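Please open the model in your viewer and keep the selection tool at hand, as this tour goes from one stop to the next.

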Amino acid sequence: EQVAHLTAQEAKQAGLRWTFSPMVDVARDPRWGRIAEGYGEDTYLTAVMGAATVRGYQGKDYDPATGKGQIDLAACVKHFAGYSASESGRDYNTTWIPEVLLREVYLPPFKAAVDAGSATIMCAFNDLNGVPASANRHLNVDILRDEWGYNGMLVSDWASSANMIAHGNCENLREATVLSMNAQMEMDMEGHGYPWHLKSLVEEGRVSVKQIDACVRDILRLKFRLGLFDNPY
């Protein structure tokens with residue numbers, strides 16, 4: 001928590017207000033190349049360390065229970081979810097995780113980070129039981145939003161929405177955009193589907209204005225929590 005606090009103070013002085021950390025993927029396959037970024041193979045340890053890192057980044061002025069106060073450096077807990085269980089340790093790959101294993105091993109660190117007030121969450125690259133995380137309503141809506149009551153912002157990993165084409169879940173970027181919106185993924189990082197296709201999808205009625213409003217609301221809420229409208233420079 002102290003390390004994250006000092007990191008946040010240095011980042012804030014440089015004008016940086018968002019970090020893609022902590023990574024709370026429980027990693028049990030040493031072939032997976034990103035194990036050095038996380039806290040190891042133990043679910044409990046990962047949950048405790050991840051929550052402490054979130055608190056350190058975001059500062060004591062912010063109250064996650066009420067959403068009041070200003071965040072120093074917005075945490076982005078990742079990768080939601082099951083990324084580290086990829087087959088044969090291959091990055092971006094398929095994961096097959098029974099619901100009981102998902103809830104007992106892989107989800108508790110994310111729940112701990114949400115309870116600590118993590119301002120943002122990043123979707124994983126992988127597909128989970130056949131459905132890519134960026135389009136997974138069970139993860140992003142049923143569990144994260146409805147069950148846990150999360151009201152922060154959900155961002156794709158680097159082009160993870162566009163990667164759904166390679167996973168075989170959609171034919172093109174336009175269809176990937178529809179799937180991501182239906183899973184309430186607010187921000188499309190480097191996938192380019194949102195800026196290229198959302199306007200026409202709304203005009204065609206395939207994406208509703210209500211969905212757009214929900215995304216914009218969560219993004220604006222984050223900016224208010226960072227105090228960007230009070231001191232935009």
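Begin by selecting Lys-199, which is exposed, with a relative accessible area of 63%. The model on your screen is a predicted one. Add Glu-203 to the selection, and you have a second exposed residue, whose relative accessible area is 56%. These two side chains form a salt bridge, in which the closest N and O atoms are 2.6 Å apart. Lys-199 and Glu-203 are separated by about one helical turn, because they stand four residues apart in helix H7.

Now select Arg-145, Glu-186, Asp-218 and Arg-221 together, which are joined into one network by salt bridges that share partners. In general, side chains of opposite charge can pair when their charged atoms come close. How many salt bridges does a search of the whole structure find? The search finds 15 of them, and two further examples are worth a visit.

For one example, select Arg-103 and Glu-147, which form a salt bridge with their closest N and O atoms 2.9 Å apart. Arg-103 lies in helix H3 (residues 99–106) and Glu-147 in helix H5 (residues 137–147), so this pair ties together parts that are 44 residues apart in sequence. Colour by accessibility if your viewer allows it: Arg-103 is partly exposed at a relative accessible area of 33%, and Glu-147 is also partly exposed, at 44%.

For the other example, select Glu-175 and Arg-206, whose side chains meet in a salt bridge at 2.9 Å from N to O. Because Glu-175 lies in helix H6 (residues 173–182) and Arg-206 in the loop between helix H7 (193–203) and helix H8 (209–225), the pair ties together parts that are 31 residues apart in sequence. Glu-175 is partly exposed, with a relative accessible area of 25%, and Arg-206 counts as partly exposed at 36% relative accessibility.

Leave the charged side chains and turn to the aromatic rings, of which a search of the whole structure finds seven pairs. Select Trp-18 and Phe-20, an edge-to-face pair with 4.9 Å from centre to centre and 85° between the planes. Trp-18 is partly exposed, with a relative accessible area of 31%, and Phe-20 is partly exposed as well, at 32%.

Next, select Tyr-92 and Phe-125, and look along the edges of their rings. Is this pair stacked or edge-to-face? The ring centres are 4.0 Å apart and the planes are at 10°, so the pair is stacked. Tyr-92 lies in the loop between strand S1 (76–80) and strand S2 (94–95), whereas Phe-125 lies in the loop between strand S3 (120–123) and strand S4 (127–128), so the pair ties together parts that are 33 residues apart in sequence. Tyr-92 is partly exposed, with a relative accessible area of 39%, but Phe-125 is buried, with a relative accessible area of 4%. Keep both selected and add Trp-32 and Tyr-83, since ring pairs link Trp-32, Tyr-83, Tyr-92 and Phe-125 into a cluster.

For the last stop, show the surface and look for the largest pocket, which has a volume of about 220 Å³. Which residues lie nearest its centre? Select Pro-64, Val-114, Gly-149, Tyr-150 and Asn-151, which have that position among the 16 residues that line the largest pocket. Sorted by class, the lining of this pocket has seven nonpolar, seven polar and two charged residues.

Technical notes:
Residues are numbered from 1 along each chain as its sequence is written. This is a predicted model: local features need pLDDT of at least 70, side-chain atom pairs count only at pLDDT 80 or more; totals for chains, interfaces and linings use all residues. Side-chain values use heavy atoms; hydrogens and water are left out. Rings of Phe, Tyr and Trp (its six-membered ring) pair if their centres lie within 6.5 Å; planes under 30 degrees apart count as stacked, over 60 as edge-to-face and the rest as tilted. Buried means under 20% relative accessible area, exposed over 50%, partly exposed in between (1.4 Å probe, protein chains only). Helices (H or I, at least four residues) and strands (E, at least two) are DSSP runs, numbered from the N terminus. On a 1 Å grid over the protein atoms alone, a cavity is a set of points where a 1.4 Å probe fits but cannot get out, and a pocket is an open set with protein on both sides within 12 Å along at least five of seven lines; lining residues have an atom within 4 Å of a point. Grid points are joined across faces, edges and corners, and a volume is the space filled by probe spheres set on the points. Ala, Val, Leu, Ile, Met, Phe, Trp, Tyr, Cys and Pro count as nonpolar, Asp, Glu, Lys and Arg as charged, and the others, Gly among them, as polar. A salt bridge is a side-chain nitrogen of Lys or Arg within 4 Å of a carboxyl oxygen of Asp or Glu.
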